Amino acid sequence: MEKPKVILLLGGPASGKGTQAKILAKRIGYTYLGTGDLLRAEVEKGTELGKKFGELMSRGELIPDELTDPIIKAKLERLKDSGIVLDGYPRNLEQAKTLKELFPDEDFLVLNVSVAPDSLLKRMSSRRICEKCGSIYTIKSEDEKTCDSCGGNLIQRADDSKEILEKRIKTYEDRTEPIINYYKEKGKVKDIDGEPPISEVTKQIEEAVS
Ligand code: AP5
């Protein structure tokens, strides 16, 4: 059976969907597209738009569709002919409908990664990101400050605090979870238990995709 052209990972903040999406894309030769990374790149440019994004992200809110759509749609249009692993998009029903305008239903597979709120909080507090290459780390001590792959500095994301995470979980429940039912009604969803170690979650995902 042919693989679906667009594989979406849905899951709460810090559920591990970015980690798994990158592993999957590499293994099956698809392009990885993470909208969080795309929007953070705009923040780093320091543009007026980037400043607005940074403000909303640091409050744990979604960025309005009219601001994200032009950036994300342009990127998706460019990738239309390749396989895509999407992380962080769609985030609400309006975005799911926008995606449907670009790709027909038969192109989709949705992986719904579930992790309990306590584990989300634990994962978030020990997460560090390489500011140079974007690699994701789980640190065991605050002495871990350098990326093994490229030597870049490991930093904590501005929205990785307990208060903001709670807001992000609420935003996920209110705005993003309704999409799961939208795709379930179309028969597109496979549930993934995101609690076990990374390699075991990867195994479940490989089975779901093959
Ligand atoms: P985004 O960057 O997408 O953040 P998120 O959805 O909150 O997800 P995270 O990146 O925090 O976590 P993750 O699930 O990828 O987990 P990770 O693999 O890093 O979005 C940020 C913000 O941008 C949003 O709040 C919003 O403002 C805006 N935004 C983005 N897209 C948007 C859109 N489409 N529309 C509007 N606004 C948008 O893993 C977390 C940690 O756990 C890591 O340390 C990792 O090593 C560890 N880990 C992973 N798996 C496991 C495991 N199985 N066991 C133990 N540890 C694990």
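Trainee: Hi! Which residues are closest to the ligand, and how many surround it?
Mentor: Hello! In this predicted model, 34 residues surround the ligand, and the closest are Thr19, Glu61, Arg127, Thr138 and Arg168. A residue is taken as near if one of its heavy atoms lies within 4 Å of the molecule.

Trainee: What should I know about the model before I go on?
Mentor: Because it is predicted, local features need pLDDT of at least 70 and side-chain atom pairs count only at pLDDT 80 or more, while totals for chains, interfaces and linings use all residues. Residues are numbered from 1 along each chain as its sequence is written, and side-chain values use heavy atoms, with hydrogens and water left out.

Trainee: Thanks. Which ligand atom is 3.1 Å from a polar backbone atom of Ser15?
Mentor: For Ser15, that is an oxygen atom of the ligand. A polar backbone atom of Gly16 also has a ligand oxygen atom at 3.1 Å. Ile63 uses a backbone N or O atom, which lies 3.1 Å from a nitrogen atom of the ligand.

Trainee: New topic, helices! How do helix 2 and helix 4 cross?
Mentor: Helix 2 spans residues 35–45 and helix 4 residues 65–79; their axes come within 11 Å and cross at roughly 120°. Axes are lines fitted to C-alpha atoms, for helices over the stretch in contact, with angles from 0 to 180 degrees between N-to-C directions. Helices here are DSSP runs (H or I, at least four residues), as are strands (E, at least two), numbered from the N terminus.

Trainee: What do we call that arrangement of helix 2 and helix 4?
Mentor: Helix 2 and helix 4 are therefore oblique to each other. Angles under 35 degrees count as roughly parallel, over 145 as roughly antiparallel, 65 to 115 as roughly perpendicular and the rest as oblique.

Trainee: And which residues of helix 2 and helix 4 meet?
Mentor: Thr35, Leu38, Leu39 and Glu42 from helix 2 meet Thr68, Ile71, Ile72 and Lys75 from helix 4, where contact means heavy atoms within 4.5 Å. That contact has four nonpolar, two polar and two charged residues.

Trainee: Is helix 4 roughly parallel or oblique to helix 5?
Mentor: Helix 4 and helix 5 (residues 93–102) pack at about 30° with their axes 11 Å apart, and they are therefore roughly parallel to each other. On the helix 4 side, the residues that meet helix 5 include Asp65, Asp69 and Lys73. The contact of helix 4 with helix 5 divides into three nonpolar, three polar and six charged residues.

Trainee: How far apart are the axes of helix 5 and helix 7?
Mentor: The axes of helix 5 and helix 7 (residues 162–184) are 8 Å apart, at an angle of about 45°. Those two helices are therefore oblique to each other. Among the residues in contact are Leu93 and Leu99 of helix 5, with Tyr182 and Tyr183 of helix 7.

Trainee: Last one, the backbone. Where is the cis peptide bond?
Mentor: The cis peptide bond joins Tyr89 and Pro90, with omega about 0°. Pro90 sits in the loop between strand 3 (84–87) and helix 5.

Trainee: What about the phi of Ala14?
Mentor: Ala14 has a positive phi of about 65° although it is not a glycine, and Ala14 is in the loop between strand 1 (6–11) and helix 1 (17–28).

Notes:
Nonpolar A, V, L, I, M, F, W, Y, C, P; charged D, E, K, R; others polar. Polar contact = N/O pair within 3.5 Å; in protein donor to acceptor, adjacent residues only side chain to side chain.
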